[in-house]
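Welcome! Open your viewer, load the model, and get ready to click along as we go from stop to stop.

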Amino acid sequence: MNHLAATQHTPSDPARVSTARALARLLPFARPALPKLITGAFLGLGAALASLVVPLVLEWAVDGPIASGDRILIAWATLAVLLLGVLEALLVFMRRRLVLGPSAAIEYAVRQSFFERLQRLPVAFHDRWQSGQLLSRMMQDISSIRRWLAFGLILLLVNVLTIVIGMGLLFRWHWALGVVFVACSIPIWAVGYRFEQRYGVLSRRSQDQTGDLATAVEESVHGIRVLKAFGRGGHALSQFTRRAETLRETEMRKAREVGGLWFWYELVPILAMGACFITGVWLAAHDLLSTGELVAFFAMAAALRWPMGSLGFLFAFLIDTRTATDRVFEVFDAEQAVREPERPQTIAQARGELVFRDVHFRYPDAGAEEVDLLDGLDLALRPGETLAIVGATGSGKTTLTTLPTRLYDVTGGAITLDGIDVRDLALDDLRRRIGVAFEEPILFSATVRENVLLGRHDLALGSAEADRVLQDALAVAQAGFVDDLPRGLDTEVGEEGLSLSGGQRQRLALARVVAAAPDVLVLDDPLSALDVDTEALVEAALRRVLADTTALIVAHRPSTVALADRVAVMLDGRIDAVGTHSELLRTSAQYRSLIAGIERDALADTAETGRTETDPTDTATADADTDTDTDTEEVRS
Ligand SMILES: Nc1ncnc2c1ncn2[C@@H]1O[C@H](COP(=O)(O)OP(=O)(O)OP(=O)(O)O)[C@@H](O)[C@H]1O
C-alpha cells in the first residue's frame with residue numbers, strides 16, 4: 001500500500017486552459033439539469049427568431065399590401081407583428097421560469113459537493129487556506145456560476161445565433177449590406193480578444209481580494225473580544241479599509257475595462273447601421289433594393305442591436321464565471337493527502353492498544369533544512385492504561401495527538417491500533433475508535449444535546465439510549481450547569497459556544513468525547529480551564545472512565561499528570577523516558593526539570609487566580625513511592 005506523505009501545495013493560478021474547457025468541468029453537476037437548460041435555450045432561440053421574423057413581415061407588408069393599398073392584408077400584417085411580439089414575450093417568460101429551478105439545483109449540487117470536499121480535505125489543507133477565501137468561493141463564486149447557467153450562458157448562445165441568422169438575412173436582401181455589416185463587426189472581435197486578456201487577470205484578482213476581505217471580516221468578528229480588549233478596533237478598521245480600498249481599485253479597473261468594451265459594442269453596431277444606411281439608400285436609389293427590403297433591413301439592424309450590444313456584458317460575465325469556476329475547482333483539485341485505504345482492514349477484537357513506531361512527522365511548510373518535529377518517536381500504550389505526555393512547550397505534544405486519528409499522516413514510521421496500521425483502517429472506523437478532545441474546545445451553533453452527541457451518529461437524538469449516554473457523559477464532565485441554561489439540553493450554545501464560559505465549553509467538549517465512547521481517548525490538556533473544585537470532581541469521574549479505556553493525555557499541570565498510570569517525556573522529537581511519576585522523578589533529570597517548571601506555573605497560577613492546585617504526589621496513582629515528596633522537594637530546592 002502506498003501511504004502518501006503530506007506534501008506542500010499552495011493555492012495557485014490554474015493551468016491556463018480554454019474557457020470552454022474550464023467551464024466544461026461543470027458538466028457533471030449540470031447533467032441532470034441539461035434537458036431543461038437545453039429546452040430553455042431553444043425557448044430563448046424561439047423568442048429571438050420571433051423577433052427576427054418581424055422584419056420579414058414588414059418587407060412583405062411594405063412591398064405588398066401597403067404598396068397596393070390592401071387594407072385587410074395590412075391589418076393581417078399588423079396583427080402578425082403584434083402576435084410575434086406577444087410570442088417573443090411569452091417564450092422569454094417560459095425560458096426564465098424553466099431554467100430557474102435547474103440552475104438553482106446545480107448551485108445546490110456544487111455547493112453540497114464543495115462542502116463535502118472541505119470536510120474531506122486534510123487539516124493541512126485548512127492550515128494553508130484562509131477561511132474567507134473558502135467562504136467567498138462557497139457563496140459568491142458558486143452563486144455566480146448559477147447566474148451564468150440560468151441567464152448568461154443561454155443568452156450568449158441565443159444572441160450569437162441570433163446575430164449569425166440576422167447577418168444571413170442581411171445577405172439575403174443584398175450581399176453588399178451583409179458584407180458592410182460583417183466588415184463593421186470585425187473590430188468587435190478584436191476588442192473582445194484584447195478585453196479577455198486584460199479582464200481575465202482583473203476578474204481573478206478581484207475575486208481573490210473579495211476572499212481576503214471576507215477573511216478580514218471573519219477574523220475581526222471572531223477576535224472581536226481581543227480587538228476590543230486591546231483597543232485595536234481602529235487598527236482593524238484601517239486594515240479592513242486598506243483591503244476594501246484595494247478591492248475597490250480593482251473593481252474600478254474592471255469597470256473601466258467593461259465600460260471601454262461597452263463603448264465599442266454600442267458604437268460599432270451604430271457605425272455598422274450608418275454604413276449600411278448609406279449603402280441601402282444607394283442600392284434603393286439604383287433600384288437594386290426595394291423599399292420593403294430597405295425597411296426590413298433597418299428593422300433587422302435594429303433587432304440585432306441588443307444582441308450585439310449585450311455581447312460585451314455577456315463576455316465579461318463569461319470571464320467572471322470562468323474565474324469563479326477555476327476558483328471553485330482549485331478546492332476540488334486540492335491534494336487529498338489523507339486518503340481512505342483501498343482495502344480497509346477491520347479490528348476483530350478491540351483492545352485499545354495504541355503504538356507509535358519510529359514515527360517521523362514534519363509539517364508541510366517545514367524548511368528542507370529543519371529536522372523532523374517528531375524524529376523517530378517510539379511509544380506504546382497498553383490496553384486500558386492512561387499515559388500522560390509531558391514536554392517543553394513547542395516540543396510537539398499537540399502535534400502527536402493529531403496523528404492517531406490521521407488529522408495529519410505521519411511522514412515516516414507508523415501508528416498502529418490493535419496491531420493494524422491506522423492508515424489501513426477506514427477513516428470513519430478509525431475516528432470512531434479514537435476520540436480526541438482538543439485544548440481549544442470548539443462547539444457548534446447547535447443545542448447542547450447535539451454538541452455533546454456529535455460523535456454518536458449511531459444514536460437517534462432524543463432516544464432513551466441517547467439520553468442515557470448524554471447524561472452519563474455530562475456527569476463525568478461535571479457539566480450539570482446545562483440544567484440551568486434557559487432551555488436546558490436544548491439550549492443553542494451560539495456560534496462556537498461563545499455564550500458559555502471557557503470552563504463550561506471545555507466540560508462540554510470533554511463530555512462530547514466521553515459520549516463518543518471510543519476505544520482510545522486522546523485528551524490535550526482537557527482540564528486547563530476548570531476551577532480547582534470542578535477539576536477535582538471531573539478528575540474523580542474521569543478516573544472511572546479511564547479505568548477501562550486507553551488514554552493518551554497531554555499534561556501541562558500536576559493534576560493531569562496525576563491521572564496517569566505512566567508518564568512519557570518528550571524531548572527533541574522523541575520519547576526520552578517512560579515510567580511512573582515516581583520512577584521518572586528518580587531517573588529522569590529532564591522530567592524533574594519539567595515537573596519543577598509545571599509546578600512553578602501551577603503555583604503562579606494559584607497566586608494569580610486563587611487556585612489551590614493539587615500536588616501530583618498526593619493524588620498520583622498507586623505507583624507513587626514514599627520517597628516522591630523527598631524527590632519533589634529536592635527538585636524544588
Ligand atoms: N499547523 C501547523 N503548521 C505548521 N507548524 C505547526 C503547526 N502546528 C504547530 N506547528 C509547529 O509545531 C511545533 C510543535 O507545536 P505543538 O503545538 O505540537 O507543540 P506543543 O508541545 O503542544 O506546545 P505547547 O506545550 O505549547 O502546547 C511548534 O513549533 C509549532 O510552531
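## First stop: a loop residue

Select Ser445, which is partly exposed because 13 other C-beta atoms lie within 10 Å of its own. (A residue is buried if 20 or more other C-beta atoms lie within 10 Å of its own, exposed if 12 or fewer, and partly exposed in between, with C-beta atoms placed from the backbone.) Ser445 sits in the loop between strand 6 (434-437) and helix 13 (448-452). Helices (H or I, at least four residues) and strands (E, at least two) are DSSP runs, numbered from the N terminus. Now add Asp548 to your selection: Ser445 and Asp548 are 103 residues apart in sequence, and their C-alpha atoms are 33 Å apart in space.

Two notes before moving on. Residues are numbered from 1 along each chain as its sequence is written. The model is predicted: local features need pLDDT of at least 70, side-chain atom pairs count only at pLDDT 80 or more, and totals for chains, interfaces and linings use all residues.

## Zoom out: the domains

Colour residues 20-211 + 244-333 as domain 1 and residues 354-636 as domain 2, following the domain assignment of the protein. Such bounds come from an automatic or database domain assignment. The C-alpha centres of domain 1 and domain 2 lie 60 Å apart.

## Two helices with bends

Select residues 34-68 to show helix 3. Helix 3 has 35 residues and reaches 50 Å from its first C-alpha to its last, close to the 51 Å expected at 1.5 Å a residue. (The expected span is 1.5 Å times one less than the number of residues.) Where does helix 3 have a kink? Look at Ala61, where the kink is about 40°, shortly before the proline Pro65. The bend at a residue is the angle between axes fitted to the seven residues ending there and the seven starting there.

Next, pick out some buried residues of helix 3, among them Gly40, Leu43, Gly44, Ala47 and Ala48. Glu59 in helix 3 also counts as buried, because it has 23 C-beta neighbours inside 10 Å. Draw a distance from Glu59 to Ile186: the two are 127 residues apart in sequence and 28 Å apart in space, C-alpha to C-alpha.

Then select residues 131-173, which form helix 6. Its 43 residues reach 59 Å from the first C-alpha to the last, close to the 63 Å expected at 1.5 Å a residue. Helix 6 bends by about 50° at Trp148.

## Around the ligand

Show the ligand and the residues around it, including Asp127, Tyr363, Asp365, Leu373, Lys397 and Thr398. A residue counts here if its C-beta atom, placed from the backbone, lies within 6 Å of the molecule. Which helix gives the largest share of this shell? Helix 11 (residues 397-402) does, with three residues. The shell divides into two nonpolar, seven polar and three charged residues. In this count, Ala, Val, Leu, Ile, Met, Phe, Trp, Tyr, Cys and Pro are nonpolar, Asp, Glu, Lys and Arg are charged, and the others, Gly among them, are polar.

Follow the chain to Arg406, in the loop between helix 11 and strand 4 (412-417). Arg406 has a positive phi, near 65°, although it is a residue other than glycine. Arg406 is buried, because 21 other C-beta atoms lie within 10 Å.

## The strands

Select strand 3 (residues 386-391), where six of six residues are buried. Thr386, Ala388 and Val390 point one way, while Leu387, Ile389 and Gly391 point the other way. Strand 3 pairs with strand 8 (residues 550-554) in the parallel sense over four bridges, and Ile389 stands opposite Val554 there. (Two strands pair if DSSP finds at least two bridges between them.) Strand 3 also runs parallel to strand 9 (residues 566-571), joined by five bridges, with Val569 as the bridge partner of Val390.

Keep strand 9 selected and add strand 10 (residues 574-579): these run antiparallel, joined by five bridges. Val569 stands opposite Ala577 in strand 10. The two strands form a hairpin with two residues between them, and Asp572 in the turn has a positive phi of about 50°.

For the last stop, find an open sheet of four strands in the order 2-1-4-5, with antiparallel pairing. Strand 2 (374-381) and strand 5 (420-421) stand at the edges, each with a single partner strand, so one side of each has no neighbour in the sheet. Strand 1 (residues 354-361) pairs with strand 2 over six bridges, and Val355 stands opposite Ala380 in strand 2.

How values were computed
Expected span 1.5 Å × (residues − 1).
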